[in-house]
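Please look over the sequence and the model below before reading on. The explanation that follows is meant for a reader who has not met this structure before.

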Amino acid sequence: MLTRSIAHTIVKETSIRLNRNINIMNDSGIIIASRDIERIDDIHEGALQVLKTGKTLMIPSNQSGTWKGSHPGINLPIVFQDKIVGVIGITGNPDEMADLGELVKMTTELMIKAEYMASQMEWKKRTQEMVIEELLKINPSFNHISRGLNLLGITFHPPYNTIVIQMSEGTITNHTVVEKIEEILGEKNGIVGFINTNRIFLAFSNLTQMKVDKKLEEIYHALKKLQLTFRLAFSIPFDSLNMFNQSYKDCDLALAISDPSEEVISFADIELKVLIHQLNRYESERFYQRVMTKTLLKYTDTLESFFQNNFNIQQTADELFIHRNTLIYRLKKIEEDTEYNPKHFKDAITLQLAIWISHKMKK
């Protein structure tokens, strides 16, 4: 973990502030960074001694010749995960630099830890993206998926659920968003990652529908708290890994054909609408021309509210801010004009299909 890049940064920043030469040696005792660039790649025998004993070595001026490649100063072990990964040396009077040396050593170890954590997060992100990319293929490689999941320490079991979150531009970093969702999702319940700039893919594994609904609610509120503008679509549960491609397409279509003001869309709730959307244009237009009238176009919003309120006259009137008699008049007018009674189930289906087709034709 003690790379030349980290070592160079430590030497550059520390040397300027201390106005002293700083050397960083790797676990072979080779100087990999120094204010005195001519010493880089030289063997530092003082560092070799520190690596051997695991103890700080002070080299006074009268002993500098004892350690080849060493100058008077203090040399301290750099420890990461209980292992010595290198040595840091500060040139000068060692009696004056004990406290200073410990401070520089601590800073160095913190930088190495930060670099390690960043590299681990990047590795995890790339591995998740690889698994997601494979899952979304028409013919995925189950070996590649299994290998990636094993590396992440995740075991996938059905039922599976796919969630797609489409976001608008925001000020929150992608890492922050994914980290928050992962916190809710849990380490073993699935994977999450961006599949393009503004779209997040989630795969839930081995969760009951009740738990899926609860986590979706938590994710929704978490994204709202981050003040993000987004829409979320989720699939119906499925039992095979090779169905992720279709489940993603279902979510994508749900986002495309649903009302843009809807923030959370269940594919199961709009599956019938999806079937209508997939009709060829000739069949759609023929049905549209037969059923749709000017009156139906005029009262489309009224009908949709009526259907959404399960044919309840009063609830629909309240939602539309009209008198119930006005609503009754409109429904009667639609029946007279189309010969389909909105209060009869079979006729209501025909009218609803006509409305959905009209929405499709406008897009």
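The paragraphs below turn to one strand and its partners, and then to two pockets.

This is a predicted model, and a good place to begin is strand E8, which covers residues 199-205. Because 7 of the 7 residues of E8 are buried, that is, under 20% relative accessible area, the strand is largely enclosed by the rest of the structure. Arg 199, Phe 201, Ala 203 and Ser 205 point one way from E8, while Ile 200, Leu 202 and Phe 204 point the other way, and all are buried.

Strand E8 also has paired neighbours. Strand E6 (residues 160-167) runs antiparallel to E8 and is joined to it by 7 bridges, with Asn 161 standing opposite Phe 204. Strand E7 (residues 190-196) pairs with E8 in the antiparallel sense as well, over 6 bridges, and here Gly 193 stands opposite Phe 201. Between E7 and E8 lie 2 residues, and the two strands form a hairpin.

The largest pocket has a volume of about 740 Å³. It is lined by 27 residues, of which Lys 273, Glu 304, Gln 308, Gln 352 and Trp 356 are the closest to its centre. Helix H14 (345-362) is among the elements that each supply at least two lining residues, and its 8 residues make up the largest share. By class, this lining has 13 nonpolar, 7 polar and 7 charged residues.

The second largest pocket, with a volume of about 350 Å³, has 15 lining residues, and the closest to its centre are Met 121, Lys 125, His 175, Val 178 and Glu 182. Helix H3 (98-135), helix H5 (174-185) and strand E7 each give two or more residues to this lining, and H3 gives the most, with 7 residues.

Definitions and conventions
Residues numbered from 1 in each chain as written. Predicted model: local features only at pLDDT ≥ 70, side-chain atom pairs only at ≥ 80, totals over all residues. Heavy atoms only, no water. Buried < 20%, exposed > 50% of the residue type's maximum accessible area, 1.4 Å probe, protein only. Helix = DSSP H or I, 4+ residues; strand = E, 2+ residues; numbered from the N terminus. Pairing = 2+ DSSP bridges. 1 Å grid on protein atoms, 1.4 Å probe; cavity = no way out; pocket = protein on both sides within 12 Å on 5 of 7 lines; lining within 4 Å. Points joined across faces, edges and corners; volume = space filled by probe spheres on them. Nonpolar A, V, L, I, M, F, W, Y, C, P; charged D, E, K, R; others polar.
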